[in-house]
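Open the model in your viewer and keep the sequence panel beside it. The stops below say what to select and what is there.

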Amino acid sequence: VTGFDVKKQEPTYVEGFRPRKVGLFVGSGGETVGVWLTPLASNKTEIKVKTAMSFVGIAGQKNWDHEILAEMTKSLGR
């Protein structure tokens, strides 16, 4: 939904990369997002999302943490 390609998928960790796009001044994309899943109970999981941005492209990159959590919540119906 947010344009990330899944690069790593393990039972408790998923990593994605957002392809770079060339803009007029600064290209967007190039962010890597990690999602950690920690089971707390049979019906409860802790989720941590962290967006990593490269130093070179930081001006055209953004933090995707909130958008990814919102999409996960929407998909789960909560």
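Is Glu-71 buried, partly exposed or exposed? Select Glu-71 and show its side chain: the relative accessibility of Glu-71 is 23%, which counts as partly exposed. Buried would require a value under 20%. Keep in mind throughout that this is a predicted model.

**Stop 1: the salt bridge within the helix**

Keep Glu-71 selected and add Lys-74. These two residues form a salt bridge, with 3.8 Å between the closest N and O atoms. The cut-off for such a pair is 4 Å. Now colour residues 65–76, which make up helix H1. Both Glu-71 and Lys-74 lie in H1, three residues apart, or about one turn of the helix. At the Lys-74 end of the pair, the relative accessible area is 62%, so Lys-74 is exposed.

**Stop 2: the other salt bridge**

How many salt bridges does the structure hold? There are two. For the one not yet shown, select Glu-67 and Lys-62. Their side chains meet in a salt bridge at 3.0 Å, N to O. Glu-67 has a relative accessible area of 31% and is partly exposed. Lys-62 is also partly exposed, at 35%. As background, side chains of opposite charge can pair when their charged atoms come close.

**Stop 3: the whole chain**

Switch to a cartoon view. The protein chain has one helix and four strands. Starting from the N terminus, the elements come in the order β-β-β-β-α.

**Stop 4: the strands**

Select residues 13–17 (strand E2) and 32–41 (strand E3). E2 and E3 run antiparallel and are joined by five bridges. To find a point on this pairing, show Gly-16, which stands opposite Val-33 in E3.

Next add residues 44–52, strand E4. E3 and E4 also pair in the antiparallel sense, over nine bridges. Which residue of E4 stands opposite Leu-37? Select Ile-47 to see the partner of Leu-37. Then move to Pro-39, whose bridge partner in E4 is Thr-45. Follow the backbone from E3 into E4: a hairpin joins the two strands through two residues. When you display side chains here, recall that in a regular strand they alternate between the two faces of the sheet.

**Stop 5: the largest pocket**

Turn on a surface. The largest pocket has a volume of about 390 Å³. Its lining counts 17 residues, and those closest to the pocket centre are Thr-2, Val-6, Val-35, Ile-68 and Met-72. Select these five to locate the pocket.

Which elements supply the lining? Strand E1 (5–10), E2, E3 and H1 each give at least two residues. H1 makes the largest contribution, with five residues.

**Stop 6: surface and interior**

Leave the surface on and colour the chain by relative accessible area. Of the 78 residues in the protein chain, 23% are buried. The chain exposes about 5800 Å², and 58% of that comes from carbon and sulfur atoms.

Finally, display contacts between residues at least 6 apart in sequence. Of these contacts, 26% join residues at least 24 apart.

Conventions. Residues numbered from 1 in each chain as written. Predicted model: local features only at pLDDT ≥ 70, side-chain atom pairs only at ≥ 80, totals over all residues. Heavy atoms only, no water. Buried < 20%, exposed > 50% of the residue type's maximum accessible area, 1.4 Å probe, protein only. Pairing = 2+ DSSP bridges. Contact = heavy atoms within 4.5 Å. Areas by Shrake-Rupley, 256 points an atom, 1.4 Å probe, with all protein chains shown as cover. 1 Å grid on protein atoms, 1.4 Å probe; cavity = no way out; pocket = protein on both sides within 12 Å on 5 of 7 lines; lining within 4 Å. Points joined across faces, edges and corners; volume = space filled by probe spheres on them.
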